[in-house]
Amino acid sequence: MRIGELSHRTGVNAHQLRYYEAQGLLEAERGGNGYREYDEHAVLRVKQIRHLLGAGLSSEDIAYLLPCAVGEAPELPGCPELLAAMRSRLQRLDDQMKRLARSRDALADYIDAAERMGGESYPPFDDADLEPVPA
């Protein structure tokens, strides 16, 4: 099937499918006319990629895990190498969430402090000439 049909059957646009191919996640043959030709397995492969991306895995992580994937969801065997890769990604996500939580808390503190100070416009203007008042 050509890329347009694969796109239609998976709901993934052709640009993303070409990206998956460039990342080594999806394979296509080239027909005599130069068009990409995908086999029936490509539909399942794209669905697996989408599920794994939805789990927060990078294309590099997926390239490592995909050869072991079974089914659409996909299921992954519990071998030590795959578990180590997934745990590593989970740790990176946890670290990122902690950094985001700290940033969120800091921003909320700034908002609270600004609201306590009142509703002056910023920068404060001198009414006479509408120039900012020096700090």
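This section describes the secondary structure, helix packing and salt bridges of a predicted model.

The protein contains five helices and two strands. Read from the N terminus, these elements follow the order α-α-β-β-α-α-α. Of its 135 residues, 21% are classed as buried. The exposed surface of the protein amounts to about 9700 Å², and 54% of this area is supplied by carbon and sulfur atoms. When contacts between residues at least 6 apart in sequence are considered, 41% of them join residues at least 24 apart.

Two helix pairs were examined for their packing. Packed helices are described by the angle between their axes and by the distance between those axes. For helix 1 and helix 2, the axes come within 9 Å and cross at roughly 105 degrees. Helix 1 is therefore roughly perpendicular to helix 2, since angles of 65 to 115 degrees are assigned to that class. Helix 1 contributes I3, L6 and S7 to the contact, while helix 2 contributes A14, L17 and R18. By class, the residues of this contact comprise four nonpolar, one polar and one charged.

Helix 2, which spans residues 14–22, also packs on helix 3, which spans residues 41–54. Here the angle is about 85 degrees and the axes are 12 Å apart. This pair, too, is therefore roughly perpendicular. On the side of helix 2 the contact involves Q16, L17 and Y20; on the side of helix 3 it involves V46, I49, R50 and L53. Five of the contact residues of helix 2 and helix 3 are nonpolar, one is polar and one is charged. L17 of helix 2 takes part in the contact with helix 1 and also in the contact with helix 3.

A search of the whole structure returned five salt bridges. One of them joins E5 and R9, with the closest N and O atoms 3.6 Å apart. Both residues belong to helix 1 (residues 3–10), and because they are four residues apart, about one helical turn separates them. E5 has a relative accessibility of 39% and therefore counts as partly exposed. R9 is likewise partly exposed, because its relative accessible area is 35%, and the limits of this class are 20% and 50%. E5 and R9 are further linked with E40 in a network of salt bridges.

Two salt bridges share D61 as the acidic partner. In one, R89 pairs with D61 at a distance of 3.8 Å between the closest N and O atoms. This pair links distant parts of the chain, with R89 in helix 5 and D61 in helix 4 (residues 59–65), 28 residues apart. In the other, the side chains of R92 and D61 meet at 3.1 Å, N to O. R92 lies in helix 5 and D61 in helix 4, so this pair ties together parts that are 31 residues apart in sequence.

The residues of these two bridges fall into two accessibility classes. D61 has a relative accessibility of 13% and so counts as buried. R89 is also buried, because its relative accessible area of 17% is under the 20% limit. R92, by contrast, is partly exposed, with a relative accessible area of 34%. R89 is placed in helix 5, which covers residues 80–117. When residues up to four places away in sequence are not counted, R89 touches G56, L57, S58 and D61. D61 is thus both a contact of R89 and the partner of R89 in a salt bridge.

The surroundings of E29 were also examined. E29 is located in strand 1, which consists of residues 29–30. With a relative accessible area of 59%, E29 is exposed, because the limit for this class is over 50%. Leaving aside neighbours within four places in sequence, E29 is in contact with Y35, R36 and E37. E29 and D39, which are 10 residues apart in sequence, have their C-alpha atoms 8.6 Å apart in space.

Technical notes: Residues are numbered from 1 along each chain as its sequence is written. This is a predicted model: local features need pLDDT of at least 70, side-chain atom pairs count only at pLDDT 80 or more; totals for chains, interfaces and linings use all residues. Side-chain values use heavy atoms; hydrogens and water are left out. Axes are lines fitted to C-alpha atoms, for helices over the stretch in contact, and angles run from 0 to 180 degrees between N-to-C directions. Angles under 35 degrees count as roughly parallel, over 145 as roughly antiparallel, 65 to 115 as roughly perpendicular and the rest as oblique. Contact means heavy atoms within 4.5 Å. Ala, Val, Leu, Ile, Met, Phe, Trp, Tyr, Cys and Pro count as nonpolar, Asp, Glu, Lys and Arg as charged, and the others, Gly among them, as polar. Buried means under 20% relative accessible area, exposed over 50%, partly exposed in between (1.4 Å probe, protein chains only). Accessible areas come from the Shrake-Rupley method with a 1.4 Å probe; for residues, only the protein chains shown count as cover. A salt bridge is a side-chain nitrogen of Lys or Arg within 4 Å of a carboxyl oxygen of Asp or Glu.
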